[in-house]
Amino acid sequence: MNEDLLSAGSSPRPGAASSARVPHEAGEDAEEEEYMDREAEERPAGTAHAMEGPWAPGELSRHSDREGAGDAEGQVNGADGRGKGAPWTWLRNQEQEENNNCDGRCHSRQDDAQRACTCRGDEHAKEENEEDLAEEERMDQGSDDFEHSEESGREEEDEQEEEEEEEEEEAGAHIHSSSLRNNVVDPNENTDLSSAQPLRPAFSLKSKMKRKLDHGPEVRSFPSGKKPCKGSEYPSPAGIYPATPTTFKDLRAANGQGQQRRRITSIPPPSGLQDWLRTFQSWSGTEKLLALDELIDSCEPTQVKHMMQVIEPQFQRDFISLLPKELALYVLSFLEPKDLLQAAQTCRYWRILAEDNLLWREKCREEGIDKPLHVKGRKTVKPGFTHSPWKSAYIRQHRVDTNWRRGDLKPPKVLKGHDDHVITCLQFCGNRVVSGSDDNTLKVWSAITGKCLRTLVGHTGGVWSSQMRDNIIISGSTDRTLKVWNAETGECIHTLYGHTSTVRCMHLHDKRVVSGSRDATLRVWDIDTGQCLHVLMGHVAAVRCVQYDGRRVVSGAYDFMVKVWDPETETCLHTLQGHTNRVYSLQFDGVHVVSGSLDTSIRVWDVETGNCIHTLTGHQSLTSGMELRDNILVSGNADSTVKIWDIKTGQCLQTLQGPHKHQSAVTCLQFNKNFVVTSSDDGTVKLWDLRTGDFIRNLVTLESGGSGGVVWRIRASNTKLVCAVGSRNGTEETKLLVLDFDVDMKL
C-alpha cells in the first residue's frame, strides 16, 4: 500500500522522466530487458517523449484511461503482454507480479537493471528535457487562460454575494476570512495556504477547504475565490486518489492547506538527474521507502514545503458537498457559531448549508438566545435563497457583546428626579426603569428617552424594597406597608397592611409576593386581591433577605439563622445554623440555598436535607450581594473583591482583583454567560470576563469617585445598563445613568 501511495504521490515531481511514468522494478530477467531495449530503439522520438516525459497536471486522467485500456488489451493478448498490448502495460503487470513475490532476487539483478537503464544515449535525455520544458510552459499558459475565463464568468454573481457576506465579516474581528473573498490565485504564484486558521469541530475540518479537482479532460484546480460546489455532480474520485493518505511523515504531521503543483522552469535540470531517477526506480519498494525517509530528513523546510504542495492536493476533497444534505448539516452542527460564519464563505453550496434555520436555532439556544430576528428590507442573493432569522439573531447578539467589551462608550442618558435623596432600590424591566428613594416616592422612567413617565406617591415613609413584573410594581416602606401599583397609569391598586415595622425585603413569584420585615416575620400576599395568605413566624430578629420559588420560602435574618419554610402549612422545615453573625444576602435555585453573612463566610446548603454542603471562605468582610446561575455563584464583598465560585465543588474559580480592582466596598453586581458587572463605593462600574476573571474596562467612572461619589445600585439587560449614583456628602448629584450597547441591524 505504501509503495502504491509513493508511486501516486511522486508522479508530479519536477523534472521526473520515465521513472514517474513507467514503473520499472529491478529484478526482470534478461529476456524482458532485451525486449524493453528493443522497444526503446524502435520507438519514434514523439512516442518516447510521450512515454518518458514528466506528467503535466492535465494528463493524469488521460493516463488513467489509457492504463485501464492497456490492462484489458493485455489480458486479451496473453498473460505475458507480448502481443498487441502496450509495453508499459506489460511492465506494469510485471511490477505487480514482483510485488506479490519475495524480493530475494532484487539485489542480484540490480546491476543488470542499471546497465539496461543507462544504455539510453545522452541525446535522448537532452531532447526530452527541452520538449518537457516547452510542454510545461504550454500547459501553464493554458491553465492561466482557463482560470481567468472562469473567474470573469463568475464576477457578476460574486458581486451579488459580496454585500451579504459583509455581515459575517463584521461578526467580530476573529470571524474574518481574508483569503476567500474574490481573490484569484495566479498559478505561477507560490501562494501559501498552509497558514489558514483551522476550524474547531469534533472532526478536523478546514475553514477554507480547497475545491475538489474536476477530473475532466483537463485536470485543473479552481482559483481560491468564490466557486460553486457541485455536490452530487462530482465524479467519483476512485482510482485517482489513494485510499489512505498516510505514507509521508510530513503529510501525516501537516494540518495546513496544499495547492496545485508549481513547476520549476526557471533553471535547467541538474546533470545526472535522469540517472539518479533511474537508479531510484531500480530499487525495491522497501529500499525506495528508506531512501525517501533519508531524503526528507536531509531536506530544508522550504523543500519539504514544496513536496507538501505537490502531494497534498491529491488527497483533498470537499466531502461536505459529496454528502447528502442531512449528513452535511449534521457534520456542520459540530462547529461553533463563529466557525459556521467562516465556513459560509467557502463556496456557494456551503453558504446555503450554513444558512439552515434549524441549525442556527440550535446554536442560538446554546448561546441563550431565545428569539429569532427578522430583518426587514434585506436583499437576497438570488431567488429561492432565504436568510436564517436565527442566524441574524446570533450575529446581532455577537455585535452587542462586542459593544459591551470594546465598543465606543456613548454619553449616557442622565435621569434626574430624586433631588439629593438616596436611591434605595432599582428595578429594570423591558424599557421601564423604576427607582425607589428615601424621599417616600418611586419614579417610572423610559430607558429609551430618559424621561420620567410618572411619580408614584402614596407612601408616608422611605421606600426600601421593590419588585417589578410587566406592568405591576410592588414597593415596601418604612411606613410598614406594601403597595401594589400599575406602572402604566401610576395608580395604586392595593395597600397591604399587616407588618408592624419596616418592610425591608421582598420577592415576587407569579401572583404572590413574600415580604420580610424588621418585625421578624414574613408574609405571603396575593397581589391580585391584596389579601395576606400566610404569616411565617420563627425568626427572633429582623428579616434581612428572602427568596421564593413558588414552592419554598427561604429567609435570612439578623439572628444568624437561615430558615426554609413551607408557606402553605406555615411551618419551618429547616433551620440552617452555622453562621456566627448576621445574614445579609441569599440565593436559592430550588435545590441549593446560598447564604452570605457578616462573619465573612458563604455557606451552601441542601434545601431538602438542611445540611451544609460547602463553606466558602476567602472574603474578608461582609458579603453584601450575590447572584447564582447554573451552579455558578458570583459574590461581592465589602473587602472590595468579587469572587466566582462553583457551588457543586465549593471551589473558587476566579477572584476579580489586580491593579484594576475596586478601591472600596462592592455595592452591587450582575452577571451573564460572558460578563460580570460590578459597582462600588469608589464611584466606578467595572466589566470583567466571567470565564477568565480578567478586567475588561470601566463602564462608569464618576468624577467624584474617591471623594464621596458612589454607585449604589446597578441593573442590566442584554443591551442596556442602568446605574443609580449619588453621594453621602453632597459631592455627586443623585441621578440615574443609562448606557446603551444596542446595535442597528440595518443590513
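Which residue in S13 is the bridge partner of His509? That partner is Arg512, and the hairpin around this pair is one of several local features collected here. Please keep in mind that this is a predicted model. The protein has 747 residues, of which 51% count as buried, and its fold contains 18 helices and 34 strands.

**Overall picture**

- About 34500 Å² of the protein is exposed, and carbon and sulfur atoms supply 48% of that area.
- Taking contacts between residues at least 6 apart in sequence, 55% join residues at least 24 apart.

**How far to trust the model**

- Mean pLDDT for the protein is 75, with 63% of the residues at 70 or more.
- Residues 39-95 form a stretch where pLDDT stays under 50, and the model has 84 contacts beyond four places in sequence for it.
- Residues 97-129 also stay under 50 in pLDDT, with 36 contacts beyond four places in sequence.

**Helix H17 and its surroundings**

- Helix H17 spans residues 357-366, and its buried residues are Leu359, Trp360, Lys363 and Cys364.
- Viewed down the axis of H17, these buried residues fall within an arc of 135°, so they line one face of the helix.
- A general rule helps here: an α-helix has 3.6 residues a turn, so residues three or four places apart point the same way.
- Cover for the buried residues of H17 includes helix H14 (325-332), helix H15 (337-343), helix H16 (348-353) and helix H18 (389-406).
- At the N-terminal end, Asp356 acts as a cap, with a side-chain oxygen 3.3 Å from the backbone nitrogen of Leu358.
- After H17 comes Gly368, which has a positive phi near 85°.

**Helix H14, a neighbour of H17**

- The buried residues in H14 are Ala328, Leu329, Val331 and Leu332.
- Around the axis they cover an arc of only 155°, which puts them on the same side of H14.
- Glu326 and Tyr330 are exposed on the other side of H14.
- Helix H13 (319-322), H15, H16 and H17 are what the buried residues of H14 pack against.

**The S12–S13 hairpin**

- Six of the seven residues of strand S12 (residues 503-509) are buried, which leaves the strand mostly covered.
- S12 pairs with strand S13 (residues 512-517) in the antiparallel sense, over six bridges.
- Two residues lie between the strands of this hairpin, and Asp510 takes a positive phi near 55°.

**Two buried loop histidines**

- His619 sits in the loop between strand S23 (612-616) and strand S24 (623-629).
- Is His619 buried or exposed? Its relative accessible area is 4%, so His619 counts as buried.
- The side chain of His619 makes polar contacts with the side chains of Ser635, at 2.8 Å, and Asp639, at 3.5 Å.
- Leaving aside neighbours within four places in sequence, the residues in contact with His619 include Thr600, Ile602, Asn637, Thr641, Lys643 and Trp645.
- His418 is in the loop between strand S3 (413-415) and strand S4 (423-429).
- With a relative accessible area of 2%, His418 is buried.
- Not counting residues up to four places away in sequence, His418 touches Ile423, Ser435, Ser437, Asp439, Thr441, Lys443 and Thr734.
- Where the chain comes back to this loop, the C-alpha atoms of His418 and Glu733 are separated by 9.5 Å, although the two residues are 315 residues apart along the chain.

**Positive phi in loops**

- As background, most residues other than glycine have a negative phi.
- Glu570, in the loop between strand S18 (562-566) and strand S19 (571-576), has a positive phi near 60°.
- How is Glu570 placed with respect to the surface, buried or partly exposed? At 37% relative accessibility, Glu570 counts as partly exposed.
- Asp630 also has a positive phi, near 55°, and its place is in the loop between S24 and strand S25 (632-637).
- Asp630 counts as exposed, because its relative accessibility is 70%.

Methods. Residues are numbered from 1 along each chain as its sequence is written. This is a predicted model: local features need pLDDT of at least 70, side-chain atom pairs count only at pLDDT 80 or more; totals for chains, interfaces and linings use all residues. Side-chain values use heavy atoms; hydrogens and water are left out. Helices (H or I, at least four residues) and strands (E, at least two) are DSSP runs, numbered from the N terminus. Buried means under 20% relative accessible area, exposed over 50%, partly exposed in between (1.4 Å probe, protein chains only). Contact means heavy atoms within 4.5 Å. Accessible areas come from the Shrake-Rupley method with a 1.4 Å probe; for residues, only the protein chains shown count as cover. The arc is that of the directions from the helix axis to the C-beta atoms. A polar contact is a pair of N or O atoms within 3.5 Å; within protein, one must be able to donate a hydrogen and the other to accept it, and residues adjacent in sequence count only if both atoms are side-chain atoms. Two strands pair if DSSP finds at least two bridges between them. pLDDT is the predictor's confidence in each residue, from 0 to 100.
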